[in-house]
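Visitor: I have a new model on the screen and would like a guided look at it. Could you walk me through a few spots?

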Amino acid sequence: MNLKNSKFFKRIQELRHFSKEKTRRDRDQRTRVTRALEMAITEQPCPNGDWYSEDRSPPVSHQTDPPRRRLKKTKHGKKKAQAKRLAGGQSAGGGSPLPGQGFIQLNDKCYLVDVPNRLATEPNEVERCPSDTKSTICVSNSRYAMIGKISKTLGFKLVKESKLWNILWSDSFPGVELFKNMKRFQQINHFPGMIEICRKDLLSRNLNRMLKLYPHDYRIFPKTWMLPADYGDAMNYALNHKRTFILKPDSGAQGRGIWLTNDLKTLGPNERLICQTYIHRPLLIDGYKFDLRVYTLITSVDPLRIFVYNEGLARFATNKYVEPTPGNSTDLYMHLTNYSVNKRNSHYELCDNDDCGSKRKLSAINNWMRRHNYDVDEFWSNVDDVIIKTVLSAWPVLKHNYHACFPGHDKIQACFEILGFDILVDWKLKPYILEVNHSPSFHTNEQVDREVKRPLIRDTLNLVSTVLADKKQIMREDRKRVKQRLLKIRGDPPVQRPRLNAGTTSKADTKGAQNPETNPKEADIKPEDMDPLAQQAAWEESHLGNFRRIMPPPDFSKLDYYGRFYAQTNLVSIFAETAASKKREDLAKKMRLQIEEKKAKQEQMIGGRGKRDPRKRHVTILPRAVREKNRMTQFRLKENWTPGFISDAEERLRHTWLHMRTEAIKTLKITENVRKCRIICKILIYVFFKVYSTLFESGHLTNTDMIVYPHLYHNLQNGFDIKQTL
């Protein structure tokens with residue numbers, strides 16, 4: 001059957017033709033006023049001398065184009081016309097409008113109209129570069145709904161991960177493939193390699209390494225050992241110092257697996273733990289121990305730029321603090337300040353007032369310090385110093401990983417990250433770094449959380465330099481570069497992103513960026529002519545919000561002080577001169593030898609007898625008499641061995657356990673119960689034997705009884721009296 005000749009197909013063709021005719025008639029019925037309004041909205045620029053006013057006769061149109069084609073040209077020329085008018089680049093002579101005037105085109109005529117002047121921006125404010133598309137953010141990998149809500153209020157559009165997002169907000173570390181596939185206009189909220197300070201074991205390794213290099217500057221953390229690599233050093237320290245130790249898992253979080261002890265002998269030599277000396281005299285408020293959660297934003301690692309949020313959280317323990325003893329060392333509500341631990345205590349206090357509650361703002365802690373005559377500015381200067389030194393301990397790794405993952409990001413920084421630094425303060429107001437959280441919690445269960453974390457997210461999204469990258473322009477440049485590479489066309493050489501030596505800025509550059517009036521040449525530079533790094537620095541300085549910049553330090557006298565720590569890679573490698581590194585090398589060598597032996601055995605099983613390794617020594621087999629003589633000699637030596645040394649403490653502990661065992665036996669009456677059980681068993685056996693012998697004498701034994709108990713049956717047949725034996 002031919003479908004083209006069918007009635008159904010002809011009916012479809014008629015409906016299509018009818019729809020096309022109706023669309024054409026509707027398009028032709030548009031009035032001339034509608035077309036004129038469309039042209040007026042487009043605001044096409046007029047050529048010199050072709051504008052019309054009351055004092056001037058209308059120009060003569062030498063060329064007429066169809067309306068549709070003229071409208072198409074209008075759309076293409078819209079962006080250029082807007083750029084010219086916004087830049088104010090038109091001169092007043094030769095038919096150009098005067099300042100405060102502009103062109104508008106209606107039909108074939110251009111009219112000169114008065115337009116309001118554009119408001120000048122403040123000198124300290126950096127304008128956003130014009131972007132034709134709306135900035136997008138992907139929060140599908142985050143469990144906090146607050147981030148998406150705040151992004152919407154700031155004008156971001158929420159998209160999926162498969163779209164071309166500008167910012168990707170994730171709670172966990174992304175994979176390397178995601179870093180490699182990022183475009184030049186995209187940013188992510190994690191730096192590759194930041195795990196170097198976010199895992200407890202890696203943080204301890206880096207800080208211990210820096211402590212060996214700079215022993216007077218890096219006393220910013222409690223004395224720390226990584227077990228089992230530093231097991232011997234920790235045991236030697238425990239023998240010479242009577243201290244309480246706190247033990248943590250090497251990669252734990254939220255207070256899980258943390259406990260206190262004053263005897264390291266209870267530890268196994270192969271346990272993977274972080275051992276630290278316990279700070280037994282912390283600063284107390286109302287008798288409670290607390291720590292500080294300081295939110296830190298890193299926007300660049302080369303050069304290093306660090307910002308600290310002025311507001312944060314102080315997390316309190318829920319039981320009043322007493323110095324650790326064997327009796328209270330298990331009270332985690334007294335010694336730990338983690339919110340995930342203390343929220344389970346019935347004494348956890350919820351309070352809307354700043355001066356009470358188990359969770360308070362840092363502004364309340366500052367007020368308390370001022371009331372007690374503490375120097376708040378000096379204290380926060382010390383906290384900033386701890387944060388800077390902690391980040392600098394992993395700076396070589398951060399710099400290397402960033403340049404390896406993002407070699408082509410020349411417009412904006414590809415990463416930014418909010419870190420949660422946990423700071424403990426002792427009674428002398430000295431801060432100690434405890435740990436660093438790469439993904440701090442943004443739950444808003446309490447009022448104090450909402451007052452701190454919502455402004456933090458808002459100021460962070462305002463501070464990052466996402467708007468400085470034009471998405472469409474970057475995509476056009478990338479397509480052009482790909483086309484040139486495929487067609488092997490020589491284009492312009494790629495622009496390399498300038499890198500500053502040692503990751504720092506000079507004093508002159510910093511002064512010039514902050515005070516443009518001192519350098520009039522730099523003050524006249526437009527934002528689009530500035531270096532991308534300079535644009536980012538200017539944008540961040542003008543959008544700080546409640547952040548404060550600590551690196552580069554505002555005090556220029558500290559630049560040389562922190563500049564010393566950048567040269568750490570020139571002095572010693574990252575993994576050299578540590579006990580942990582030696583232990584790792586030994587374990588790696590042992591594992592490698594085991595793998596080689598296993599592989600050799602497999603090859604020998606497959607291919608028969610394998611070749612003898614020339615590196616191994618040839619073992620000679622001694623005669624049997626010699627081997628027997630050596631065995632007897634070793635046996636005689638073992639008889640003369642003396643037992644190992646037993647300390648008084650171990651002997652007292654053994655007697656204590658024996659006494660506890662004896663008391664338990666008496667209390668539970670174990671011996672009496674055993675005696676009763678034996679008597680009952682004997683009685684049951686006697687009754688069974690008596691019944692069996694009676695059935696044998698009466699001749700009522702069955703075949704099953706004879707088969708199940710054959711020995712008993714044979715004894716009765718031979719005349720043995722079982723009753724007498726019992």
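Here is a short round of questions and answers about it.

Guide: Before we start, this is a predicted model, where local features need pLDDT of at least 70, side-chain atom pairs count only at pLDDT 80 or more, and totals for chains, interfaces and linings use all residues. Residues are numbered from 1 along each chain as its sequence is written, and side-chain values use heavy atoms, with hydrogens and water left out.

Visitor: Is helix α8 buried or exposed?
Guide: Helices are DSSP runs of H or I with at least four residues, and strands are runs of E with at least two, numbered from the N terminus. Buried means under 20% relative accessible area, exposed over 50%, and partly exposed in between (1.4 Å probe, protein chains only). The buried residues of α8 include K200, D201 and R205. Since 11 of its 14 residues are buried, α8 is largely enclosed by the rest of the structure, so the word is buried.

Visitor: How far apart are the end C-alpha atoms of α8?
Guide: The expected span of a helix is 1.5 Å times one less than its number of residues. For the 14 residues of α8 (200–213) that gives 20 Å, and the distance in the model agrees: 20 Å.

Visitor: Which residue follows D302 across a cis peptide bond?
Guide: Most peptide bonds are trans. Here omega is about 5°, which goes with a cis bond. The residue sits in the loop between β13 (288–301) and β14 (304–309), and the name is P303.

Visitor: What is omega for the cis bond from M551 to P552?
Guide: P552 lies in the loop between β19 (547–551) and α20 (559–563). The cis bond leading into P552 has an omega near 0°.

Visitor: Is N373 buried or exposed?
Guide: N373 is in the loop between α12 (362–371) and α13 (376–392). Its phi is positive, near 65°, though N373 isn't a glycine. With 71% relative accessibility, N373 counts as exposed.

Visitor: What is the relative accessible area of L429?
Guide: L429 lies in the loop between β17 and β18. Its phi is near 65°, a positive value in a residue other than glycine. L429 is buried, and the value is 11%.

Visitor: What relative accessibility does K430 have?
Guide: K430 is in the loop between β17 (417–425) and β18 (431–437). K430 counts as partly exposed, at 33%.
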